[in-house]
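I set out to record what I looked up, entry by entry, in one protein structure. The entries move from the whole chain to its interior and then to a few strands.

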Amino acid sequence: PLLASAHESSCIRLWSIQGNLMKELLPFSEHPSGPLTALCTDIFTKILLAGSKEGYIIRWNIASFLEDSQNRKNEIKEELCWRAHATEVIDFLIEEEKNVVVTASTDGSVRLWHARTGYYFGYFGQARKFELSDTSRLILPSDVNGFPAIIKEEGKHMEKKKVKYPLILDRDR
């Protein structure tokens, strides 16, 4: 068992069931994700998705980490980041059978995306039927202008900057 918490600092913390911090995740994609507002995993807990206040969805592969969290080689890999909405993502789910992510936002829309690629399928209420098998047509919603960013770099995740704020007045500065 594992607990995950999302934070305003864009950080995700993974906790053991005993309350011990196991891992901190910070996105290192080129898109600023902002404060995180929602978390979701697939049914097998291999994929972790996070939604942000700026409308981004970030996808991590956590399978190897969960197999053996003590092994330093088993890192959590950020795989994909895409802009799903122009405003805050308030909830989402992964539909395993169709390999679809359903997102909801404060803009009032509910949208469908391909779970592995972040390709846009459409929104609930549209006139045309969803075509879930065709991911070759790159389309975007009218309020989003960036395609999904596949994270190929396996470098280190961004680390928190430690900043000192002394409480002593330094007149020389």
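The entries below concern a predicted model.

**Entry 1: the chain as a whole.** I first looked up the secondary structure and found 1 helix and 12 strands in the protein chain. I then read the order along the sequence, which is β-β-β-β-β-β-α-β-β-β-β-β-β. Of the 173 residues in the protein chain, 39% are buried. For the surface, I noted an accessible area of about 11100 Å², with 51% of this belonging to carbon and sulfur atoms. I also checked contacts between residues at least 6 apart in sequence: 42% of these join residues at least 24 apart.

**Entry 2: the nonpolar cores.** Which residues have the most contacts inside the largest nonpolar core? I found L49, I57, W82, F92, V101 and W113, in a core of 15 residues. I next asked which strands each supply at least two residues of this core. They are β4 (36-41), β5 (47-52), β7 (77-83) and β8 (89-95). The largest share, 3 residues, comes from β8. Apart from this core I recorded another, of 13 residues, including L14, L48, W60 and I76. As background, I note that nonpolar side chains in soluble globular proteins tend to be buried together.

**Entry 3: the surroundings of W113.** I listed the contacts of W113, leaving aside its neighbours within four places in sequence. Among them are W82 and V101, both named with W113 for the most contacts inside the largest core. The remainder of the list is R83, A84, N99, V100, T103, G118, Y119, Y120, F121 and P141.

**Entry 4: strand β6 and its partners.** Why do I describe strand β6 (residues 56-61) as largely enclosed by the rest of the structure? I do so because 5 of its 6 residues are buried. On one pairing, β5 and β6 run antiparallel and are joined by 5 bridges. Within this pairing I located I58 of β6 as the bridge partner of A50. The hairpin of β5 and β6 has 3 residues between the strands, and there G55 takes a positive phi near 95°. I then turned to β7, with which β6 pairs in the antiparallel sense over 6 bridges. In that pairing I57 stands opposite W82 of β7. I57 and W82 are also both among the residues with the most contacts inside the largest core.

Key
Residues numbered from 1 in each chain as written. Predicted model: local features only at pLDDT ≥ 70, side-chain atom pairs only at ≥ 80, totals over all residues. Heavy atoms only, no water. Core = buried A, V, L, I, M, F, W, Y, C linked by side-chain atoms within 4.5 Å. Buried < 20%, exposed > 50% of the residue type's maximum accessible area, 1.4 Å probe, protein only. Helix = DSSP H or I, 4+ residues; strand = E, 2+ residues; numbered from the N terminus. Contact = heavy atoms within 4.5 Å. Areas by Shrake-Rupley, 256 points an atom, 1.4 Å probe, with all protein chains shown as cover. Pairing = 2+ DSSP bridges.
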